[in-house]
Amino acid sequence: GLLKWISEQRDGDRPGRVEHPLRLESDENAVRLVTAHKSKGLEYPVVFCPFFWDGSTVRKSDKSFVYHDRLEAMRLTLDLGSENTNQNRISAEEGILAENLRLLYVALTRARCRCYLVWGRIKETETSAPAYLFYPPETFSGEDVVGEAGEHFKRLTDYTQVERLAELVEKAGGAIRFLEMPAD
């Protein structure tokens with residue numbers, strides 16, 4: 001009888017088919033998927049931040065990119081292959097890193113009770129916002145902050161990374177826990 005009923009419910013051509021919408025008294029306990037962009041000013045009991053390893057680089061294959069021109073009062077500018085492409089690319093990457101740091105801050109500060117941040121050596125992670133925050137170089141020698149931070153991160157061993165996270169956990173006085181991701 002159950003199989004017959006399920007079959008009838010799945011048959012979209014059946015005349016007199018009755019829809020049974022799911023009605024909730026409240027969606028307060030429902031899981032909500034929200035981007036960091038949309039979550040500003042909101043608060044949630046538990047927050048998962050699984051995708052903050054994206055890098056802050058402009059790919060060399062990109063023929064055009066947008067950056068804030070320092071000589072023009074930080075006006076948003078499109079570089080289509082100018083004579084200053086390399087310098088403009090550095091400015092664009094700084095802007096991307098600044099935006100990634102802002103989004104990370106917004107995401108991490110939305111949680112009321114608990115926040116999970118997935119982190120590790122993942123594609124392009126060396127120029128990500130967490131890499132910049134957790135593993136900054138002691139000094140920056142040039143204008144290419146993103147490039148220097150990325151090169152510094154690449155030189156770190158897995159042991160050094162875990163050691164640095166353990167230091168952050170200790171400084172947090174119990175507010176942060178570091179757990180390795182289960183293999184399964």
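This passage describes the nonpolar cores, a buried serine, the salt bridges and a surface patch of a predicted model.

The largest nonpolar core comprises nine residues. Its members are Ala 36, Tyr 44, Val 47, Cys 49, Phe 52, Leu 103, Leu 104, Ala 107 and Ala 129. Two elements each give two or more residues to this core: strand 1, spanning 44–49, and helix 2, spanning 85–108. A second core is separate and holds seven residues. Trp 119, Phe 134, Phe 153 and Leu 165 are among them.

Val 47, a member of the largest core, was examined for its contacts beyond four places in sequence. Its partners there are Ala 107, Arg 110, Ala 111, Arg 114, Cys 115 and Tyr 116. Of these partners, Ala 107 also belongs to the largest core.

Ser 128 sits in the loop between strand 4 and helix 3. Its relative accessible area is 0%. Ser 128 is therefore buried, as the cut-off for that class is under 20%. The side chain of Ser 128 approaches the backbone oxygen of Thr 125, at a distance of 2.7 Å. Beyond four places in sequence, Ser 128 touches a run of residues that includes Phe 52, Trp 53, Asp 54, Gly 55 and Ser 56. Leu 97 and Trp 119 are also in contact with Ser 128. Two of these contacts lead to the cores: Phe 52 is part of the largest one, and Trp 119 is part of the second.

Five salt bridges were counted in the model. One of them joins the side chains of Arg 102 and Glu 99, with N and O 2.9 Å apart. Both residues lie in helix 2. They are three residues apart, about one turn of the helix. Arg 102 has a relative accessibility of 34% and so counts as partly exposed. Glu 99, at 30%, is likewise partly exposed.

A bridge within helix 5 pairs Arg 164 with Glu 167. Here the closest N and O atoms are 3.4 Å apart. The spacing is again three residues, or about one turn of the helix. Arg 164 is partly exposed, at 22% relative accessible area. Glu 167 is also partly exposed, with a value of 39%.

Another bridge is formed by Arg 121 and Asp 158, whose closest N and O atoms are 2.9 Å apart. This pair links distant parts of the chain, 37 residues apart. Arg 121 belongs to the loop between strand 4 (111–117) and helix 3 (129–134). Asp 158 belongs to helix 5, residues 158–171. Arg 121 counts as partly exposed at 40% relative accessibility. Asp 158 reaches 52% and therefore counts as exposed, the cut-off for that class being over 50%. The loop that holds Arg 121 also holds the buried Ser 128.

On the surface, Val 66, Leu 76, Leu 78 and Leu 80 make a nonpolar patch. The area of this patch is about 420 Å². Leu 76 is located in strand 3, which covers residues 75–79. With a relative accessibility of 56%, Leu 76 counts as exposed.

Key
Residues are numbered from 1 along each chain as its sequence is written. This is a predicted model: local features need pLDDT of at least 70, side-chain atom pairs count only at pLDDT 80 or more; totals for chains, interfaces and linings use all residues. Side-chain values use heavy atoms; hydrogens and water are left out. Patches are made of residues with over 30% relative accessible area and no salt bridge: like charges are joined within 9 Å, nonpolar side chains (Val, Leu, Ile, Met, Phe, Trp, Tyr) within 5 Å. Accessible areas come from the Shrake-Rupley method with a 1.4 Å probe; for residues, only the protein chains shown count as cover. A salt bridge is a side-chain nitrogen of Lys or Arg within 4 Å of a carboxyl oxygen of Asp or Glu. Helices (H or I, at least four residues) and strands (E, at least two) are DSSP runs, numbered from the N terminus. Buried means under 20% relative accessible area, exposed over 50%, partly exposed in between (1.4 Å probe, protein chains only). A nonpolar core is a set of buried Ala, Val, Leu, Ile, Met, Phe, Trp, Tyr and Cys residues joined through side-chain atoms within 4.5 Å. Contact means heavy atoms within 4.5 Å. A polar contact is a pair of N or O atoms within 3.5 Å; within protein, one must be able to donate a hydrogen and the other to accept it, and residues adjacent in sequence count only if both atoms are side-chain atoms.
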